[in-house]
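Here's a quick tour of one model, written for someone who likes to check things against the coordinates. Have a look at the sequence and the fold, then read on.

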Amino acid sequence: MAKLARWCFQHRWLVLFVWVAALVGLTVLGRVTGEDYKDTFSLPGTDSQRAIDLLERDFPAQSGDSASIVLHARSGTLTDATLRTQITDMVDELAELPHVTEVIGPFSPQGEGQINQAGTTAFATVALDLPGNELAVSDIEHVVDTARSYDRDALQVEATGQVAAVTEQAEQGASELIGIVAAAVILFLAFGSLLAVTLPLITALAALGVGLSLTVQVSHLTSVAEFSTMLATLIGLGVGIDYALFIVNRHRIGLRAGRSPEDAAVNAVNTSGRAVIFAGMTVCIALLGLFALGVTFLYGVALSAALAVAMTMLASVTLLPALLGFYGRKVLSRRERRRIDANGPEPEQPSGFWWRWAKGVERRPAILAVVSAAAIAVIAIPFFSLRLGSSDLGNGSDSKSTKRGYELLAEGFGPGFNGPFILATEISGPADLQTFERTIEATRDTEGVASVTPPRESPNGRAAIATLYPSSSPQAPETAELLERLRDDVIPRATAGAAPVYVGGGTATFEDFAAVLADKLPLFIGIVVALAFILLVAVFRSLLIPLTASLMNLLAVGAAFGAVVAVFQWGWLSDVFGISPGPIEAFLPVMLFAILFGLSMDYEVFLVSRMHEEWVARRDNRIAVSLGQAETGRVVSAAGAIMTLVFASFILGDERVIKLFGLGLALAIAIDAFVIRTVLVPALMHLFGRANWWLPRSLDRVIPHLSVESADDLPEVDPEALPLGLSDEVPQQPHGSTETERTH
């Protein structure tokens, strides 16, 4: 690391040119190739996937997606001559558009049942020749805009459905800017220098720009969900600013201690830079662990976020030392530079608030450990009520046509009309068709079913389908219970060994998605925790510290889930956050766990690596823990505040999924930085004493030695400068001794 940092410092113009060229070149390439983001689901072995496969094989006209155009009479009824003419003209015009295979309006021969009894609300179904994720957004917008152009006078026209929702995807807006401004304010308070503030921001933004541009190219190689870039931005900004902050802080300490700008930069990258690489690797490993779930929808999301983190790691150890070369001593404030020029170097010594806080934790570790753990446990309680699923379009903003159309359909036809189930079966003769008809009759008499359409045979006569409308909304618990009742009881009894009947449709697909992820979540958590545990054992030569770290990270994740459930599922403060209560998106637990476990490990590495330095040098647990906490408290709290505000700024956006991530990540990081790393972990380490650093000799010989901090850069602590009489307690070690000698 030292050689890399020195080379980048000395060749700073070349390094800067390479980064600028990469940023500009990849951005231009992205403009030329365009992005190919798409949301794709594939759930092999599930009922919903079998239904989809059957439709694609035997109902080619139905294999594409469809949109619903909702029609509502602001006055009178839709059967009035003027409104009827407008609707007919709209249907005819929509039928001529590209990718539209059929339009069934309420007054079409096949449109029976598409107008409510009051005659005030109706809908037209627009069948498309491709799935929504394979259509260009511009083509979908053409359909929606054409339909909406008839919204005038007494006729209200709205477009709803998952396909139409693509046209109302929120663009990345001002939330990132708010987060960056908040980060800049905290950096200025921490550094006292405007120039120093720009270093983490430039590094993070450059890394994020390259990472997002690479994601554009990845979208042509694999499926990358629409929201992946917003999630990558959220994570990349947070970790990018944090990683640069840790290195710049170490660089400033070196300058104040009398090092030259080059030596200070090399030392900072060789110490804090190592911690950044290790911490970033844990985040990437946790994110890429999503591949273990075997759900293709998450692959692109994981790759996008991991690319953003990887680029921040690379920028922190290459671009940042180059920028430090340009800034020189100006990363210090004018006051600091004048004081050093007048009084000479100022070696860093623990003092002030964080030293007093560390000593306070040392004096009362048991009480503080119990109180802080109990507080986190209380916040995590709602987690046990977690209900996975998919929020429907009724959770959107009233400014969206999809939300208005959703509500009109619910009012006119019943809440279940927005999320019908598709019953599908293969038929090889009249007996199979009769069994299917008998099954439909059985479902009609089932509690929770509003209506079921008559069966429809496929053109090739090999399959049949029917549409079942629940009496409850797609995201209601009753709908999930109905699905389970149909699959486990009603349909098996009705078919009695005949050809199976599959229950599919959008609502069923999301329920199956939740079930698949819930089944695989324990395996995923086990893999990530076990791998992180092994890495920490190799770094800190301890069993207790990695075990404590894993449990603390799980506590932080549990608290984040608890807050998310309370707000987004129970509806606490829902008006404040501008959302409607509903189930938690099925993929959120695995994504949130992957991100949070990795980010929590960041703070563990930065905090404990400093304690480990002191332990290796002085062999006194109490002093190592207190000094380590005192010397990292300010920078860890500043980093935590920055990341919390960056994540919280995304709550201001329009997309419910991004709000979920923003709140969950912001609260988890706040708890992690200001409770777990500031109180709980140091308190537990004081209680455990020397046992923190115990590792059986048999394991010590087997597990490879990894070093986060360079042994050559252990700090020189002046015993006479230590506060509160600590100099009498610190056994000084000769810095010429090797790490092996100090350990054994």
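Is β3 mostly covered or mostly open, and how many of its eight residues are buried? Keep in mind that this is a predicted model. Seven of the eight residues of β3 are buried, so the strand counts as mostly covered.

**The strands around β3**

β3 spans residues 121–128 and runs antiparallel to β1, with seven bridges joining the two. Two of the pairs are easy to look up: Ser 68 has Thr 125 as its bridge partner in β3, and Ala 67 is matched with Val 126. β3 also pairs with β2 (residues 100–104), again antiparallel, this time through four bridges. Within that pairing, Glu 102 finds its partner in Ala 127.

β1 has a further pairing, with β4 (residues 155–160): six bridges, antiparallel. Here Leu 71 is bridged to Val 157. And how enclosed is β1 itself? Six of the eight residues in β1 (66–73) are buried, so the rest of the structure largely encloses this strand.

Here are the pairings side by side.

| Strand pair | Bridges | Direction |
|---|---|---|
| β1 and β3 | seven | antiparallel |
| β1 and β4 | six | antiparallel |
| β2 and β3 | four | antiparallel |

**The nonpolar cores**

In soluble globular proteins, nonpolar side chains tend to be buried together. In this model, the largest nonpolar core takes in 156 residues, and Phe 227, Phe 587 and Phe 661 have the most contacts inside it. The top contributor is helix α22 (residues 588–618), which supplies 18 residues to this core.

Zoom in on Phe 227 and, setting aside neighbours within four places in sequence, you'll find it in contact with Phe 297, Val 301, Phe 587, Val 657, Ile 658 and Phe 661. Apart from that core there is another one, of 28 residues, including Ala 73, Val 103, Ala 147 and Val 163. Ala 73 falls within the residue range of β1, and Val 103 within that of β2.

**The cysteines**

How many disulfides does the structure hold? Zero. Cys 8 is in no disulfide, and the nearest cysteine sulfur, that of Cys 284, is 19 Å away. Cys 284 is likewise in no disulfide, its nearest cysteine sulfur being that of Cys 8, 19 Å away. A disulfide here needs the two sulfur atoms within 2.5 Å, so this pair doesn't qualify. As for exposure, Cys 8 is buried, at 2% relative accessible area, and Cys 284 is buried too, at 13%.

Notes:
Residues numbered from 1 in each chain as written. Predicted model: local features only at pLDDT ≥ 70, side-chain atom pairs only at ≥ 80, totals over all residues. Heavy atoms only, no water. Buried < 20%, exposed > 50% of the residue type's maximum accessible area, 1.4 Å probe, protein only. Pairing = 2+ DSSP bridges. Core = buried A, V, L, I, M, F, W, Y, C linked by side-chain atoms within 4.5 Å. Contact = heavy atoms within 4.5 Å.
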